[in-house]
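This report goes through one protein model, from its overall fold to its core and then to a few backbone details. The sequence and structure come first.

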Amino acid sequence: MPKIEFEGHTIEVPRGANLRRALQKAGLSPYNKAARRFNCHGIGSCGTCALDVAGPVSPPTRIEKWRLGFPPHQRDSGLRLACQCRVEGDLYLEKHSGFWGQHLPYE
Ligand code: FES
């Protein structure tokens with residue numbers, strides 16, 4: 001089973017698991033602050049579940065490309081929407097600051 005490292009935690013999830021649901025099932029959150037309550041619940045339209053993902057996940061979905069293509073996200077940020085990703089191997093995740101997690105540390 002793939003391992004996910006996130007915010008000091010390591011969890012194991014089944015290959016193919018939806019990343020957002022896997023994090024939430026483990027008591028972790030892909031959201032910052034108020035976005036924990038105010039989000040689209042995984043349909044890919046709000047952009048608040050954006051994470052920096054290192055490791056193999058499914059290719060970006062059409063709605064994911066659309067949502068990451070306009071502000072406050074930047075098309076070339078490299079972020080992924082947790083609600084649109086399937087886990088395909090061991091992952092290291094980072095959540096950046098900002099309501100959407102859009103503030104990249106190297107900007
Ligand atoms: S939960 Fe809204 S885009 Fe992922």
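Helices and strands are here DSSP runs, of at least four residues for a helix (H or I) and at least two for a strand (E), and they are numbered from the N terminus. The model is a predicted one.

**Overall fold**

On that definition, the protein has two helices and five strands. Their order along the sequence is β-β-α-β-α-β-β. The C-alpha trace extends about 35 × 30 × 25 Å along the principal axes. A compact globule of 107 residues would have a radius of gyration near 13 Å, and the 12 Å found for the protein agrees with this. Buried residues make up 31% of the 107. Among contacts with a separation of 6 or more, 60% join residues that are 24 or more positions apart.

**Nonpolar core**

In soluble globular proteins, nonpolar side chains tend to be buried together. In this protein the largest nonpolar core holds 21 residues, and those with the most contacts inside it are Leu19, Cys49, Leu51, Leu81, Ala82, Cys85 and Val87. Two or more core residues come from each of β1 (3-6), α1 (19-25), β3 (50-54) and β5 (91-94).

Leu19 can serve as an example from this group. Apart from neighbours within four places in sequence, Leu19 is in contact with Val57, Ala82, Cys85 and Val87.

**Backbone details in the loops**

Two residues that are not glycine have a positive phi: Lys33, and likewise His41, as listed in the table.

| Residue | Phi | Other C-beta atoms within 10 Å |
|---|---|---|
| Lys33 | about 35° | 12 |
| His41 | about 60° | 9 |

Lys33 lies in the loop between α1 and β3, and His41 is also found in the loop between α1 and β3. Are these residues buried or exposed? A residue counts as exposed if 12 or fewer other C-beta atoms lie within 10 Å of its own. Lys33 has 12 such atoms and is therefore exposed. His41 has 9, so His41 is exposed as well.

A further backbone detail concerns a peptide bond. The bond from Pro71 to Pro72 is cis, with omega near 5°. Pro72 is located in the loop between α2 (62-67) and β4 (80-81).

Key
Residues are numbered from 1 along each chain as its sequence is written. This is a predicted model: local features need pLDDT of at least 70, side-chain atom pairs count only at pLDDT 80 or more; totals for chains, interfaces and linings use all residues. A nonpolar core is a set of buried Ala, Val, Leu, Ile, Met, Phe, Trp, Tyr and Cys residues joined through C-beta atoms within 7 Å. A residue is buried if 20 or more other C-beta atoms lie within 10 Å of its own, exposed if 12 or fewer, and partly exposed in between; C-beta atoms are placed from the backbone. Two residues are in contact if their C-beta atoms, placed from the backbone, lie within 7 Å. The radius of gyration is taken over C-alpha atoms; the globule rule is 2.2 Å times the number of residues to the power 0.38.
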